[in-house]
Amino acid sequence: MLTDAGVRLIPVAPPWDRPTPDDYLPSRLAEYVLDVVPVDRFVFMGFSWGGSIGVQLAADHPERLDGLILLDAGYRDLDLEGVPLEALVEFFDGQYEDSAAPWSSRAAAWALRGVATEKQTATHDRLRLPILLVLARDAEGTVPTAEVHRLDAGHDVIGDQPAETARLVLEWLARLPADG
């Protein structure tokens, strides 16, 4: 729907083969995004874990972004205090074996630990660019300065409400300043 409206999307696949848990910190993955996106300035759109990376990217490198779109992400911290990394790996064991997702239990656990380690709300005071936050129906939280919309959807807002999510994104993009 977005590409039909003329939006150029550049998908960024996470690097699943990173060798250490610290490689999955949102700050490290924000650097990875900058390394692989072939344009100088862009609007970052992220869902779930990708939104957490986007918040870190916007806080650390606002000079590269024209805006930030968060699809039910980036608005609250994850608390895993006292949860051993091995327990997270065990939790994810077998969840991705039969799916098309490239996740491994190790990568999923490290990604979750990364989001819990680098608190999203700690970056909110450094966000100085236009932000669209699309929340699921039961989500609790916000991002200061964000334009917030709530959809009658679960966490996968774009999967549950694709047309409405696309409409919100397109309307928001149309209001961004043309010069970035």
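Axes here are lines fitted to C-alpha atoms, taken for helices over the stretch in contact, and the angle between two of them runs from 0 to 180 degrees between N-to-C directions. With that in hand, a good place to start in this predicted model is the pairing of helix α3 (residues 85-92) with helix α4 (residues 105-117), which pack at an angle of about 130 degrees with their axes 8 Å apart. That angle makes α3 oblique to α4, and the crossing of the two helices is right-handed.

The contact itself can be followed residue by residue. From α3 come Leu85, Leu88, Val89 and Phe92, and these meet Ser105, Arg106, Ala108, Ala109, Trp110, Leu112 and Arg113 of α4. Sorted by character, the residues of this contact comprise 8 nonpolar, 1 polar and 2 charged.

Attention now turns to the nonpolar cores. The largest holds 45 residues, among which Phe42, Trp49, Leu57, Leu68 and Val143 touch the most other members. At least two residues of this core are supplied by each of α1 (26-36), β1 (42-47), α2 (49-60), β2 (65-71), α4, β3 (131-135) and α6 (162-175). The top contributor is α2, with 6 residues.

Leu57 offers a closer view of its surroundings: leaving aside residues up to four places away in sequence, Leu57 touches Ala30, Val33, Leu34, Phe42, Phe44, Pro62 and Leu65. A second core, separate from the largest, has 6 residues, including Phe92, Ala108, Ala109 and Ala116. Three of these names will be familiar from the helix pair, where Phe92 belongs to the α3 side of the contact and Ala108 and Ala109 to the α4 side.

Notes. Residues are numbered from 1 along each chain as its sequence is written. This is a predicted model: local features need pLDDT of at least 70, side-chain atom pairs count only at pLDDT 80 or more; totals for chains, interfaces and linings use all residues. Side-chain values use heavy atoms; hydrogens and water are left out. Helices (H or I, at least four residues) and strands (E, at least two) are DSSP runs, numbered from the N terminus. Angles under 35 degrees count as roughly parallel, over 145 as roughly antiparallel, 65 to 115 as roughly perpendicular and the rest as oblique. A crossing is left-handed if the near helix is turned anticlockwise from the far one by less than a right angle, and right-handed if clockwise. Contact means heavy atoms within 4.5 Å. Ala, Val, Leu, Ile, Met, Phe, Trp, Tyr, Cys and Pro count as nonpolar, Asp, Glu, Lys and Arg as charged, and the others, Gly among them, as polar. A nonpolar core is a set of buried Ala, Val, Leu, Ile, Met, Phe, Trp, Tyr and Cys residues joined through side-chain atoms within 4.5 Å. Buried means under 20% relative accessible area, exposed over 50%, partly exposed in between (1.4 Å probe, protein chains only).
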